[in-house]
Amino acid sequence: MVKFFAPWCPACQQVGPVWSKLALKADELGINVGEVDTTKEPALSGRFMVLSLPTIYHIKNGEFRQFKGSRSLKGLMVFVKDQKWRDIEPLPWWKSPGSYLMGFLGLMFKLSVLLKNMHELLTLTYGVPVWGSYTIFGVVVVATGILLGMGIVFLSDCILGVPSYPVPVQQMRKVIKEEPEEDNGEDERDGEEIMEENEGNGTDQTGVRKRVTASTD
């Protein structure tokens with residue numbers, strides 16, 4: 001049996017003496033009794049998804065069941081002796097404190113407490129205004145996101161290589177427009193080659209024209 005509590009919680013203070021008596025009867029009941037201070041172990045309380053205080057869990061054979069009965073000594077002892085815990089459905093695998101999802105949630109709980117402590121340090125110890133503390137956190141978050149994004153892009157380029165992008169439409173149009181000009185140049189070259197061949201054969205085009213004119217006369 002594990003109890004999650006906080007020193008400032010009035011309900012936890014009421015259950016405290018009862019829990020101490022239950023711990024004295026642990027050997028008689030054949031159980032282990034423990035408690036977790038959520039202010040000192042935020043990550044662990046996050047794994048168990050503790051949303052209200054006090055929260056009591058029964059743990060046996062890797063199965064986690066939340067106790068919601070009477071918090072009196074008699075109610076707790078009957079719950080264990082009569083095995084009332086069998087009537088409670090255990091937590092599903094994804095909600096189990098040992099799952100990766102709940103482990104990540106525990107880290108988020110721990111991070112939130114760390115940010116809260118840093119905020120109090122800046123505002124109370126160093127006298128930074130509240131808006132100044134929020135501004136610092138915002139700048140740090142944005143800068144961290146940019147650096148992580150650049151790092152991911154750099155690693156992907158190193159591992160996968162630079163991707164080959166398709167030719168833009170405007171560049172394709174430019175290539176298509178330039179192709180006819182190249183063809184005209186080839187036609188002009190062909191024409192020059194024909195003229196050179198005619199000159200090589202000794203053909204006088206002006207003489208041919210004169211002969212045609214004379215014959216018509």
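Two strands pair if DSSP finds at least two bridges between them. Keep that in mind as you click around this predicted model.

**Stop 1: the hairpin**

Select residues 55–60, which are strand β3, and 63–67, which are strand β4. These two pair in the antiparallel sense, with five bridges between them. Want to see one of those partnerships? Pick Ile 59 and look across to Phe 64 in β4, its bridge partner. Now move to the turn: β3 and β4 make a hairpin with two residues between them. Click Asn 61 in that turn, where phi is positive, at about 55 degrees.

**Stop 2: the whole sheet**

Strands of a sheet pair through backbone hydrogen bonds, either parallel or antiparallel. Which kind of pairing does the four-strand sheet have? Show all four strands and you'll find an open sheet with mixed pairing, in the order β2-β1-β3-β4. At the edges sit β2 and β4, each pairing on one side only. Turn the view a little to look for the twist, which averages 25 degrees from one strand to the next.

Next, select residues 2–5, strand β1, together with β2: this pair is parallel, over four bridges. Click Val 2 and you'll see Gly 34 of β2 opposite. Then add residues 10–24, which are helix α1. This helix lies across β1, β2 and β3, running at about 155 degrees to β1.

**Stop 3: a salt bridge between two strands**

Stay with β1 and β2, and show the side chains of Lys 3 and Glu 35. They meet in a salt bridge, 3.3 Å from N to O. Lys 3 is in strand β1 and Glu 35 is in strand β2, so this pair ties together parts that are 32 residues apart in sequence. Is Lys 3 buried or exposed? Lys 3 is buried, because its relative accessible area is 3% and the cut-off for buried is under 20%. Its partner Glu 35 is partly exposed, at 47%.

**Stop 4: more salt bridges**

How many salt bridges does the count come to? The count is four, and here are two more to visit.

- Select Lys 81 and Glu 28. Their closest N and O atoms are 4.0 Å apart. Lys 81 belongs to helix α4 (residues 73–81) and Glu 28 to helix α2 (residues 26–29), so the pair ties together parts that are 53 residues apart in sequence. Both Lys 81 and Glu 28 are exposed.
- Select Glu 120 and Lys 116. Here the closest N and O atoms are 2.8 Å apart. Glu 120 and Lys 116 are separated by about one helical turn, because they are four residues apart in helix α5. Glu 120 is partly exposed at 33% relative accessibility, and Lys 116 is also partly exposed, at 48%.

**Stop 5: a nonpolar patch**

Now show the surface and colour Phe 104, Leu 107, Met 108, Leu 111, Leu 114, Leu 115 and Met 118. Together they make a nonpolar surface patch of about 640 Å². Zoom in on Met 108, which sits in helix α5 (residues 100–125). Met 108 is partly exposed, with a relative accessible area of 37%.

**Last stop: Thr 38**

Finish in the loop between β2 (34–37) and α3 (42–47), where you'll find Thr 38. Thr 38 counts as buried, at 14% relative accessibility. What is Thr 38 in contact with, leaving aside its neighbours within four places in sequence? Light up Phe 4, Phe 5, Ala 6, Ser 45 and Leu 53, and there are your contacts.

Key. Residues are numbered from 1 along each chain as its sequence is written. This is a predicted model: local features need pLDDT of at least 70, side-chain atom pairs count only at pLDDT 80 or more; totals for chains, interfaces and linings use all residues. Side-chain values use heavy atoms; hydrogens and water are left out. Buried means under 20% relative accessible area, exposed over 50%, partly exposed in between (1.4 Å probe, protein chains only). Contact means heavy atoms within 4.5 Å. Patches are made of residues with over 30% relative accessible area and no salt bridge: like charges are joined within 9 Å, nonpolar side chains (Val, Leu, Ile, Met, Phe, Trp, Tyr) within 5 Å. Accessible areas come from the Shrake-Rupley method with a 1.4 Å probe; for residues, only the protein chains shown count as cover. Axes are lines fitted to C-alpha atoms, for helices over the stretch in contact, and angles run from 0 to 180 degrees between N-to-C directions.
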